[in-house]
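Colleague: Could you take a close look at the aromatic rings in this model and walk me through how they pair and what lies around them?

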Amino acid sequence: MHDRTDIAIIGAGAAGLAAGIFAAEAAQRSGTRIVLLDSARTIGAKILVSGGGRCNVTHDTISPRDFTPSTPAVRNILAAFPAQAAREWFASMGVALKREETGKLFPVTDKARTVLQSLTTRCRELDVAILTNHRVTDVIAKDGFVVRHEQGELHAGRVIMATGGRSLPRTGSDGYGWEIVRRLGHRVTDCRPALVPLVLADSMFHAELSGLSQETELTTLVDGKHVDRRTGSLLWTHFGVSGPAAMDASRFWTIAHARGTTAEVRCNFLPGIGFEEAERRLIAQTEARPTLSVGKTLARQVPERLAAALCGYCRIDPATPAGRLSRESRRKLVHALTGLPLPILRDRGWNHA
């Protein structure tokens, strides 16, 4: 291969491939040489696993409010390249997108490989070289840049870093790119898993509910102060909790935990309903059918397995007639229904983030 290039792009994932395409299309003179270097033997692993293997490339409507934190940089990027521009860009490469009920846009083929092939094909059309098995070990600012990789060195006029973050390290996203840019004198923001399942203490009943998914309202408190509230699907698993609600809320817990501050996540299994209203409902149901068991009464509002688990958590026999439940036991049950604290031990790590 040539040992000189005009632009070296480190990382041939979605960002690197797109950068190569845009750079080549924007080149003012013919013969501009652009090279992508990637550590993997075959590129695009994250593209192929995204969206359950279907690759949701974007959303039909995107605003800066969808990002945390919403910085001026985010606003500028979205203004320069809104969702409609993304649709048109993919269409120009032969990838038609469809909108699903959630607002997510998928290729009409329902295959992530369609997206990957369109990006690599466009790179070939533009003579953008893709070098696999070329893990970059260092970038040195010298007469432009010297890019050191496993196969040797490459001299580049400009370098684009597209190495990604740390999620799914087995695909090559292990955070090493950040070390390279640190050595070049840049400041790098500390990063934590932002969308990650949470591991709960064995004392919790999650394992017996494994596989159960339900609509839940999660509230996160840091040092006793409310920082986030969201409603969505919570999935109970053998290790703890997952699903959109838990994963969206996880960033607040992981950041607080890393800073050494106290963080707590509470579950309301009756989204939008507070303690007092939930208690009134339970009293009304009990008065209407006092001989119905506590477990069956609760199961009119939440899944039966959860109803039994909540009774066990509150040390109440679910077979007890609801009419014989003491006021103290009833209130304990309602507190668990509307504000169950999750005993989080840790997040599940970068490979699951």
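Modeller: What follows is a walk through the aromatic pairs and then the charged side chains placed over rings. The model is a predicted one, and in it the count of aromatic pairs comes to six. One of them joins W89 and F90, whose rings meet edge-to-face, with 5.2 Å from centre to centre and 70 degrees between the planes. That angle is called edge-to-face because it is over 60 degrees. W89 has a relative accessibility of 12% and so counts as buried, and F90, at 9%, counts as buried too; the cut-off behind both statements is a relative accessible area under 20%.

Another of the pairs is formed by F205 and Y313, again edge-to-face, with the centres 6.2 Å apart and the planes at 90 degrees. This pair links distant parts of the chain, since F205 lies in the loop between β10 (198-200) and β11 (213-222), whereas Y313 belongs to helix α10 (residues 304-313), 108 residues apart. F205 is buried, with a relative accessible area of 6%, while Y313, at 39% relative accessibility, counts as partly exposed.

Returning to W89 and F90, these residues belong with F22 and F81 to one aromatic cluster.

Turning to charges over rings, R54 places its charged end over the ring of F106, at 3.8 Å from the ring centre. R251, in turn, lies over the face of F252, and here the distance to the ring centre is 5.2 Å.

Definitions and conventions. Residues are numbered from 1 along each chain as its sequence is written. This is a predicted model: local features need pLDDT of at least 70, side-chain atom pairs count only at pLDDT 80 or more; totals for chains, interfaces and linings use all residues. Side-chain values use heavy atoms; hydrogens and water are left out. Rings of Phe, Tyr and Trp (its six-membered ring) pair if their centres lie within 6.5 Å; planes under 30 degrees apart count as stacked, over 60 as edge-to-face and the rest as tilted. Buried means under 20% relative accessible area, exposed over 50%, partly exposed in between (1.4 Å probe, protein chains only). Helices (H or I, at least four residues) and strands (E, at least two) are DSSP runs, numbered from the N terminus. A charge sits over a ring if NZ of Lys or CZ of Arg is within 6 Å of the ring centre and within 35 degrees of the ring normal.
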